[in-house]
Amino acid sequence: MKTDEYIAHRAEDGRTQSVKAHLEGTAALAEKFATPFGAAALGRWVGLVHDIGKYSVPFQRRISDPDHAPRTDHSTAGAQEAWQRRLAPAAFAIAGHHTGLPDGGTRLDTADDPTMIGRSRKQVPDYSAWRRDVTLPQVSLLPYLGRDGFTDSFFTRMLYSCLVDADFLDTETFMQGPQPRGDYASLPVLLDRLSAKTDRWLNGAPGNALNRCRNDILRACMEHGAQWPRGLYTLTVPTGGGKTTASLAFALRHAVAHEMKRIIYVIPYTSIIDQTVDVFRDILGEENVLAHYGEAAFRQKAPEDLTPEEYRQLLASENWDAPLVVTTAVQFFESLYANRSSRCRKLHNLADSVIIFDEAQTLPLPYLRPCCAAIAQLVEHYGATAVLCTATQPALGPLFEQLAPNLQLREICPGGTALYQTLRRCHLEDLGSLSLEGLASRLRTHQQVLCVVNRRKTAQQLYAALPKDGGSFCLTTLLCAADRRAKLAEIRRRLREGLPCRVVSTSLIEAGVDVDFPVAYREEAGLDSLLQTAGRCNREGREANPARCPVYLFKLEDSPAPKMLELQITALRAAQREQGELDLPEAIAYYFKTLYGVKGQEALDQKQVMDAFLKGRGDVQCPFATVAKEFALIENPTKTIYLPIDKGEELCQLLQAGQTNRALYRKLGPYSVEVYQEQYQALYQAGALDPVDERSAVLTSPIWYDRETGLKSDAQGGQGLFL
């Protein structure tokens with residue numbers, strides 16, 4: 001065959017793309033994607049080699065007659081070429097560009113094993129015709145590779161990302177024609193838009209002390225963003241200090257000054273992502289902000305039902321090529337430890353980016369080491385700047401010193417204790433132990449009050465004891481997201497208008513939810529949780545005297561703390577004994593230092609992710625596939641119950657009729673509740689559930705769901721539920 005007769009792809013209209021054209025197109029893109037982290041030549045190399053297995057006769061038979069010719073492996077050939085040249089990252093990337101990065105395997109693996117070693121021993125059809133078309137550049141691995149397995153594994157994923165994104169884009173362009181990608185406003189233009197807004201604040205009337213302090217924080221972020229080099233930073237600002245806009249100002253100034261590509265804003269909870277996205281879109285324009293999370297509009301529809309802008313957002317979510325990406329910590333970190341092309345495709349766009357980690361104290365303790373190690377890798381080797389942004393800064397300096405001794409953790413806004421005292425808008429008071437009735441009695445005396453407790457059942461019990469005057473609310477995850485959003489809107493309205501508003505909530509209201517109460521209560525938990533609740537008290541500084549805005553810490557009698565909070569409470573009490581004032585940076589640092597010390601180093605990497613790549617998992621080296629299965633920031637032993645309420649009623653009917661597509665599940669997301677096995681089983685035995693599959697069910701009747709308190713928490717064989 002002539003080389004241009006070797007076909008890589010055949011479109012529905014009969015057009016064909018030669019293997020040579022596809023390799024060259026993919027190589028050009030992969031080279032471009034790998035340039036920011038110094039691997040341009042290796043990016044080009046993997047692009048040229050990834051599909052050379054398509055030069056085999058069996059593959060050409062398959063693409064000419066897909067209905068009759070058997071499938072054939074076309075990835076192993078290129079992987080073997082890389083393996084023989086001791087280019088292990090390239091070998092893994094090529095081997096996994098369709099099926100996912102494999103485990104390295106053991107020396108005992110045979111050609112039947114799906115590991116990299118197994119693939120290296122596999123017999124493949126003759127593909128030698130590739131040599132007539134392809135001239136490979138001279139390449140070598142980067143100097144810092146080969147020193148430790150974790151750094152090598154991280155580089156492998158980044159190279160893999162370059163390859164799979166380039167492969168997807170080149171194939172997509174040939175098969176479908178140019179797609180509506182890119183064409184965003186430049187970062188300098190976005191900085192001008194932000195400056196137009198912030199200049200009004202900075203150059204306007206000084207305002208009250210709170211606004212003056214916010215302006216000082218904003219100025220520090222703008223100045224340091226433009227002046228300071230790429231690196232690892234903290235932004236420690238008390239709640240209400242305007243850190244969302246200030247951190248964006250730092251990021252834009254920094255990105256423009258250093259000619260960086262984009263900003264990634266990582267948020268811990270989906271419950272607060274909407275309000276952050278709304279702020280950014282209002283400043284920068286909706287078309288320039290990609291919100292990538294489960295309930296984003298473009299994820300709620302089938303592709304054929306998307307508007308042009310939603311379709312553009314869908315495409316951008318595949319590889320994060322937008323100038324500002326807002327996403328969740330789960331999406332961010334699980335992608336960094338994934339092995340599938342769909343999750344890893346975007347990773348190369350983290351290079352040369354400013355990455356803001358909002359509410360950094362929420363980084364999960366069981367994964368703290370691998371999360372911090374990933375941040376350190378991005379800063380050390382991929383030209384990123386990372387900012388840990390929070391009011392309760394975790395004491396991560398010693399951990400980063402272990403992981404990356406050459407990195408210096410530097411504070412952007414060094415206001416310290418004075419800043420916290422200036423921005424103090426409430427005072428903390430310890431009530432000791434209270435009975436449930438005693439607590440309810442106190443709550444009834446307040447016209448407007450927030451009480452945060454540790455258990456959903458406790459929240460429901462307290463709510464039942466509050467006045468039923470339309471001003472009492474219960475917020476827990478037993479309410480579906482649609483109802484929680486509606487209740488939060490009503491809560492904000494009542495707070496603004498001075499109407500009665502007594503809210504009992506679990507911790508879901510703490511991190512970043514924009515509400516402002518004159519008084520708050522918090523059941524004992526971690527210090528970060530206490531201070532997050534305090535951030536919902538006198539949030540806007542309407543009361544000048546903090547002494548008039550108490551935040552009460554309490555312990556519930558006859559209600560032992562949840563086991564998962566025992567160590568946090570121990571660390572809180574230690575900080576209280578040793579530091580006195582809990583809402584100052586010194587106490588916060590002491591708390592986290594104590595917590596990490598009590599937990600121990602092993603608890604900060606519960607799944608031993610670091611050791612898996614440094615030492616191997618058992619006999620298996622480079623366990624990409626194994627770690628990807630194990631790395632889950634949110635362990636999910638729960639089951640999903642879909643609710644036939646409002647729009648969810650019709651959606652549940654479609655689900656029960658047998659429709660199970662991804663778009664339907666996403667539309668159902670706002671009308672669903674996650675429950676543990678015990679509660680699921682009780683509802684099932686009571687006849688309240690119609691199972692869809694082993695992990696989900698449809699609620700058989702709305703009687704099992706209370707629009708005020710959520711899914712009924714006690715079920716007994718077919719009887720009504722009472723709280």
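A residue counts as buried when its relative accessible area is under 20%. Keep that cut-off in mind at each stop. The model on screen is predicted.

**Stop 1: the cysteines**

Select C652. Its relative accessible area is 1%, so C652 is buried. C652 belongs to no disulfide. The nearest cysteine sulfur is that of C480, 10 Å away.

Now select C474. With a relative accessible area of 0%, C474 is buried. C474 is in no disulfide either. Here the nearest cysteine sulfur belongs to C451, at 11 Å. A disulfide needs two cysteine sulfur atoms within 2.5 Å. The count of disulfides for the model is 0.

**Stop 2: the six-strand sheet**

Select β11, β16, β15, β12, β14 and β13, in that order. Together they form an open sheet of 6 strands with parallel pairing. Look at the two edges. They are β11 (427-434) and β13 (472-475), and each pairs on one side only. From one strand to the next, the twist averages 15°.

Zoom in on β13 and its partner β14, residues 501-505. These two strands run parallel and are joined by 4 bridges. Pick F473. Across from F473, in β14, stands V503.

**Stop 3: helix α21**

Add residues 527-534, helix α21, to the selection. This helix packs on the sheet. It touches β11, β12 (448-452), β15 (520-523) and β16 (550-556). Line up the view with β15: the helix direction makes about 165° with the direction of that strand.

How many residues of α21 are buried? The count is 8 of its 8 residues, and the helix is mostly covered. Click along the helix to see them: L527, D528, S529, L530, L531, Q532, T533 and A534. These buried residues pack against β11, β12, β15 and β16. They also pack against two helices, α22 (566-579) and α23 (585-599).

**Stop 4: the nonpolar cores**

Move to the largest nonpolar core, which has 209 residues. Which of its members touch the most others? They are W45, F155, F332, F333, L336, L378 and L711. Helix α7, residues 149-176, gives this core its largest share, 11 residues.

Centre the view on L378. Leave out residues up to four places away in sequence. L378 then touches F154, M158, F332, L336, L350, I355, G383 and A384.

There is a second, separate core of 18 residues. Its members include C451, Y463, L466 and L556.

**Stop 5: L324 in β7**

Select L324, in strand β7 (residues 324-328). Its relative accessibility is 1%, so L324 counts as buried. Show its contacts, skipping residues up to four places away in sequence. L324 touches L248, I263, F280, L284, N288, V289 and L290.

Draw a distance from L324 to N288, C-alpha to C-alpha. The two residues are 36 residues apart in sequence and 6.5 Å apart in space.

**Stop 6: T390 in β9**

Next, pick T390 in strand β9, residues 385-390. Is T390 buried or exposed? Its relative accessible area is 0%, so T390 is buried.

Show the T390 side chain. It makes a polar contact with the side chain of Q361, at 2.5 Å. A polar atom of the T390 side chain also lies 2.9 Å from the backbone nitrogen of T392. Then widen the selection, leaving aside neighbours within four places in sequence. T390 is in contact with L235, T236, V237, K243, E359, A360 and Q361.

Zoom out and find A11. The C-alpha atoms of T390 and A11 are separated by 50 Å. Along the chain, these residues are 379 residues apart.

**Stop 7: S672 in β19**

Finish at S672, in strand β19 (residues 672-676). S672 has a relative accessible area of 14%, so this serine is buried. Where does its side chain reach? The side chain of S672 reaches the backbone oxygen of G669, at 2.8 Å.

Now show the contacts of S672, without neighbours within four places in sequence. They are C480, A481, T640, I641 and Y642. C480 also featured at the first stop: its sulfur is the nearest cysteine sulfur to C652.

Terms used
Residues numbered from 1 in each chain as written. Predicted model: local features only at pLDDT ≥ 70, side-chain atom pairs only at ≥ 80, totals over all residues. Heavy atoms only, no water. Buried < 20%, exposed > 50% of the residue type's maximum accessible area, 1.4 Å probe, protein only. Polar contact = N/O pair within 3.5 Å; in protein donor to acceptor, adjacent residues only side chain to side chain. Contact = heavy atoms within 4.5 Å. Core = buried A, V, L, I, M, F, W, Y, C linked by side-chain atoms within 4.5 Å. Pairing = 2+ DSSP bridges. Axes fitted to C-alpha atoms, helices over the stretch in contact; angles between N-to-C directions.
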